[in-house]
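User: I'd like to learn how to read a model like this one feature by feature. Could you walk me through it?

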Amino acid sequence: MHDWTNYVDQGKSVDVIYMDFMKAFDKVSHKHLIRKLKNFEIHEQLINWIQDFLSDRTQAVKYNDIMSTSESVRSGIPQGTVIGPVSFLSYINDLPDEVISRIFLFADDTKFYREVINLSDVQLVQSDLNILDSWSKSGIYCFILKMCVHVNW
């Protein structure tokens, strides 16, 4: 926010994009998260602890007084846990490498921004939006992005 207010104080324009990954914590693949953590060279005991934390989880649905059978859960990070946001950020840590605009991540909320001087800057913001949209739908991610765009703030 400091950068944005500096731009505005200087009479410049800035495009700010707020994004939210819908149902993000539910879509984290345990297998892919563990693989990414191993690539970070995190101590094996910690990875084993996280794997145990995520393993052997089941869920059921209750409607009125009727309960479904329990099913195994192979994806998702339990929300409200201490390791949830950090695990999710570890899962999407490559996102900032995809864009040229400044980007900040906090759990499943992301914002990126760019000073806008000319049409080329607007095109770069649009390019970053297209890249993030493709990234969110590709490979291991399969997220749906909600975006709120503040243009020329």
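**Reading the model, starting at a helix end**

Analyst: Let's start just past helix α2, where Glu 41 follows with a positive phi, near 60°. Keep in mind throughout that this is a predicted model.

User: Where does Glu 41 sit, and is it buried or exposed?

Analyst: Glu 41 is in the loop between α2 and α3. Over 50% relative accessible area counts as exposed, and Glu 41 has 72%, so it is exposed. Note too that Glu 41 is not a glycine, despite that positive phi of about 60°.

User: Which residue in the loop between α3 and β2 can I look at for a positive phi?

Analyst: Try Asp 56, a residue other than glycine with phi near 55°. Its place is in the loop between α3 and β2 (58–59). With a relative accessibility of 81%, Asp 56 counts as exposed. Ser 55 is in the loop between α3 and β2 as well, but with a relative accessible area of 32% Ser 55 is partly exposed.

User: Back to α2, then. Which of its residues are buried?

Analyst: The cut-off to use is under 20% relative accessible area. For α2 (residues 30–39), that gives His 30, His 32, Leu 33, Ile 34, Lys 36 and Leu 37. Next, look at what they face: the buried residues of α2 pack against α3 (44–54) and α4 (83–91).

User: How do I read the way α2 and α3 are arranged? At what angle do their axes cross?

Analyst: Take the distance and the angle together. The two axes come within 10 Å and cross at roughly 170°. Angles over 145 degrees count as roughly antiparallel, so α2 and α3 are roughly antiparallel to each other.

User: And which residues meet between those two helices?

Analyst: From α2 you have His 30, Leu 33, Ile 34, Leu 37 and Lys 38; they meet Ile 47, Ile 50, Gln 51 and Leu 54 of α3. Sorted by type, the contact has six nonpolar residues, two polar and one charged.

User: Let's go on to the core. Which residues touch the most other members of the largest nonpolar core?

Analyst: Those are Phe 21, Leu 33, Phe 88 and Phe 112, out of 25 residues in that core. To see how the core is assembled, ask which elements supply two or more residues: β1 (13–22), α2, α3, α4 and α5 (119–137) do. Among them, α5 gives the most, with four residues. There's also a second, separate core of five residues, including Trp 4, Val 14, Val 16 and Tyr 113.

User: What about charged side chains? How many salt bridges does a search of the whole structure find?

Analyst: The general idea is that side chains of opposite charge can pair when their charged atoms come close. Here the search finds four salt bridges. One of them joins the side chains of Asp 3 and Arg 102, at 3.1 Å from N to O. That pair links distant parts of the chain, with Asp 3 in helix α1 (residues 2–9) and Arg 102 in strand β6 (residues 102–106), 99 residues apart. Asp 3 is partly exposed at 23% relative accessibility, and Arg 102 is partly exposed at 45%.

User: Which residue forms a salt bridge with Lys 12?

Analyst: Glu 115 does, and the closest N and O atoms are 3.4 Å apart. Lys 12 lies in the loop between α1 and β1, while Glu 115 is in strand β7 (residues 109–116), so this pair ties together parts that are 103 residues apart in sequence. The two ends have their own burial labels: Lys 12 is partly exposed at 34%, whereas Glu 115 is buried at 18%.

User: You listed Lys 36 among the buried residues of α2. Which residue does its side chain meet in a salt bridge?

Analyst: Asp 94, at 3.3 Å from N to O. Again the pair links distant parts of the chain: Lys 36 is in helix α2 and Asp 94 is in the loop between α4 and β6, 58 residues apart. Lys 36 has a relative accessible area of 8% and is buried, while Asp 94, with 22%, is partly exposed.

User: One last check on sequence versus space: how far apart are Ser 55 and Arg 102?

Analyst: They're 47 residues apart in sequence and 36 Å apart in space, C-alpha to C-alpha. Read that beside Asp 3 and Arg 102, whose side chains meet in a salt bridge with their positions 99 residues apart in the chain.

Note on methods: Residues numbered from 1 in each chain as written. Predicted model: local features only at pLDDT ≥ 70, side-chain atom pairs only at ≥ 80, totals over all residues. Heavy atoms only, no water. Buried < 20%, exposed > 50% of the residue type's maximum accessible area, 1.4 Å probe, protein only. Contact = heavy atoms within 4.5 Å. Core = buried A, V, L, I, M, F, W, Y, C linked by side-chain atoms within 4.5 Å. Axes fitted to C-alpha atoms, helices over the stretch in contact; angles between N-to-C directions. Parallel < 35°, antiparallel > 145°, perpendicular 65-115°, else oblique. Nonpolar A, V, L, I, M, F, W, Y, C, P; charged D, E, K, R; others polar.
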